[in-house]
Amino acid sequence: MPGPDFALSLDIVRVAEEAAIGAYAEVGAGDEKAADKAAVDAMRAALNALDIDGRIVIGEGERDEAPMLYIGESVGTGKGPQLDIALDPLEGTTLAAKAMANALAVIAFAPRGGMLHAPDTYMDKIAIGPGYPEGVIDLDASPEENVKALAQAKGVDVSEIVACVLDRPRHENIISSLRKAGCRVHLITDGDVAGVIHTAQPETGIDIYLGLGGAPEGVLACAALKCVGGQFQGRLIFRNEDERTRAVRLGITDFDKKYSLNDLVSSDAVFIATGVTSGALLRGVQKEVTARGETFVTTESLVIISKTRTIRKLYMRRPLTL
C-alpha cells in the first residue's frame with residue numbers, strides 16, 4: 001500500500017488525544033499504574049473503533065502482561081488498511097503521576113512490515129538531528145568521541161554542544177565522559193522519546209541524545225526522525241534469558257546487531273504525540289468550565305508525516321462528555 005495519508009493520520013490523532021485525556025484524569029495523583037491504565041484503556045478503545053487492520057509491533061509487554069497494549073495485539077475493526085503500530089499510551093508515567101512537564105501520549109504507524117517487530121527490552125541509543133554527513137556518530141564510539149566529531153561537523157567548539165541524557169545511575173560514566181570532553185549535559189528525568197525528537201528541533205538547543213532506554217521508545221523516536229531527518233543507532237540490551245527468548249520468538253537472532261534508523265522504520269511513517277502535561281514539545285490537556293456550566297477539554301498534538309515531510313500542530317477543543 002502507499003504511504004499513510006493525512007486523512008488516516010487525523011483518525012489516529014484522535015487515538016492519541018483520547019489517551020492523553022484519559023491519563024489527564026490521573027495527573028498529580030501520585031499513582032503511576034493508574035495513570036498508565038487510564039491511558040491504555042482510552043487508547044485501546046479508540047483504536048478498536050477505527051476501520052483499520054492494525055498490529056501492535058511496539059507496545060508494553062506481551063499478551064500475558066495485559067491490560068497493557070501488548071506486542072502482537074490486533075486492533076481496529078479489521079476492515080481497513082493493514083498497519084504496523086508502535087505506541088506508548090503514556091510516555092512519562094512518573095511525570096504524569098507527579099504533574100511534571102513533558103508527559104505525552106505517543107503513537108506511530110506505517111504500512112504492514114514497515115517497523116521492526118521488537119521485544120519490550122532496553123536499547124542503547126544515540127541520535128542527532130538532520131543536516132550532518134552520514135556516519136558522524138557511532139554507537140560503538142565513546143561519548144567523548146561522538147560529541148567531538150559532532151562539534152567538528154557543526155563547526156563549533158565542543159563546549160557549544162548540548163547532550164541530552166536520562167538522569168539515571170546507569171549513565172554516570174556517559175555523563176562523566178561528556179563533561180570531561182567539555183560538552184554541556186541536559187539531564188531529563190523521563191521521556192526519552194521527546195529527548196530524541198529534541199535533537200531535530202533547533203529551538204530546544206539539544207544536539208545529541210545518548211544512553212540506555214526502552215526499545216519501544218527507540219522505535220517511536222525513529223518514526224519521528226524518519227519524518228524530519230536525522231541519524232539514529234540502537235542496539236537491543238538483554239538483561240536475562242527470558243528477554244532473549246522473547247526476541248527469538250519475534251524473529252530476532254542477531255543479539256548484537258546495531259540498528260540504524262531505516263532498520264527500525266523502513267517505510268513511510270506517521271508520528272503523533274499529544275501532550276498530557278505541558279512541556280517543551282507540546283501543551284498539556286486543559287479543562288475549562290463555561291459560564292453555562294459546560295466542561296470543555298483542549299489538547300495539542302504534533303503530527304509528523306514522512307511521505308510529505310510535513311509537521312503540523314493541531315489544537316482540539318470539545319465537550320468533555322463526548
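User: In this predicted model, where is Thr 94 found, and what makes Thr 94 count as buried?

Analyst: Thr 94 belongs to helix 3, residues 93-97. Its relative accessibility is 17%, and buried means under 20%; Thr 94 therefore counts as buried.

User: Which residues does Thr 94 touch, not counting residues up to four places away in sequence?

Analyst: With that exclusion, Thr 94 touches Glu 32 and Asp 190.

User: How many disulfides does a search of the whole structure find, and why is there no bond from Cys 222 to the closest cysteine sulfur?

Analyst: The search finds zero disulfides. From the sulfur of Cys 222 to that of Cys 227, the closest cysteine sulfur, the distance is 11 Å. A disulfide requires sulfur atoms within 2.5 Å, so the two sulfurs are too far apart for a bond. Cys 227 is likewise in no disulfide, the nearest cysteine sulfur being that of Cys 222.

User: Are Cys 222 and Cys 227 buried or exposed?

Analyst: Cys 222 has a relative accessible area of 0% and is buried. Cys 227, at 2% relative accessibility, also counts as buried, because the limit is under 20%.

User: Which residues have the most contacts inside the largest nonpolar core, and which helix gives the most to this core?

Analyst: The largest nonpolar core has 49 residues, and those with the most contacts inside it are Met 115, Leu 225, Phe 232, Leu 264 and Phe 271. Helix 7 (residues 215-228) gives the most, with ten residues. Leaving aside neighbours within four places in sequence, Leu 225 is in contact with residues including Ala 127, Ile 128, Val 196, Phe 232 and Leu 261. Another core, of 39 residues, lies apart from the largest one; among its residues are Ala 46, Leu 50, Leu 87 and Val 297.

User: How do you know that the span of helix 2 agrees with what it should be?

Analyst: Helix 2 (residues 32-48) has 17 residues, which at 1.5 Å a residue should span 24 Å; its end C-alpha atoms are 24 Å apart, so the span agrees. The buried residues of this helix include Asp 36, Met 43, Arg 44 and Ala 46.

User: What caps the N-terminal end of helix 2?

Analyst: Asp 31 does so: one of its side-chain oxygens lies 3.2 Å from the backbone nitrogen of Lys 33, and a polar contact needs such atoms within 3.5 Å.

User: Why are the buried residues of helix 4 said to be on the same side?

Analyst: In helix 4 (residues 143-154), the buried residues are Pro 143, Glu 144, Asn 146, Val 147, Leu 150 and Ala 151. They cover an arc of only 165° around the axis, which puts them on the same side of helix 4. Strand 5 (122-128), helix 5 (172-181) and strand 8 (208-214) are included in what covers them. Gly 155, with a positive phi near 80°, follows the helix.

User: What is notable about phi in Ala 99 and Arg 309?

Analyst: Most residues other than glycine have a negative phi. Phi of Ala 99, however, is positive, near 55°, and that of Arg 309 is positive, about 50°. Ala 99 lies in the loop between helix 3 and strand 4 (104-111), whereas Arg 309 lies in the loop between strand 13 (295-305) and strand 14 (310-319).

User: What makes Ala 99 partly exposed and Arg 309 exposed?

Analyst: Exposed means over 50% relative accessible area, and partly exposed lies between 20% and that value. Ala 99, with 47%, is therefore partly exposed, and Arg 309, with 55%, is exposed.

Notes:
Residues numbered from 1 in each chain as written. Predicted model: local features only at pLDDT ≥ 70, side-chain atom pairs only at ≥ 80, totals over all residues. Heavy atoms only, no water. Buried < 20%, exposed > 50% of the residue type's maximum accessible area, 1.4 Å probe, protein only. Helix = DSSP H or I, 4+ residues; strand = E, 2+ residues; numbered from the N terminus. Contact = heavy atoms within 4.5 Å. Core = buried A, V, L, I, M, F, W, Y, C linked by side-chain atoms within 4.5 Å. Expected span 1.5 Å × (residues − 1). Polar contact = N/O pair within 3.5 Å; in protein donor to acceptor, adjacent residues only side chain to side chain. Arc of directions from axis to C-beta.
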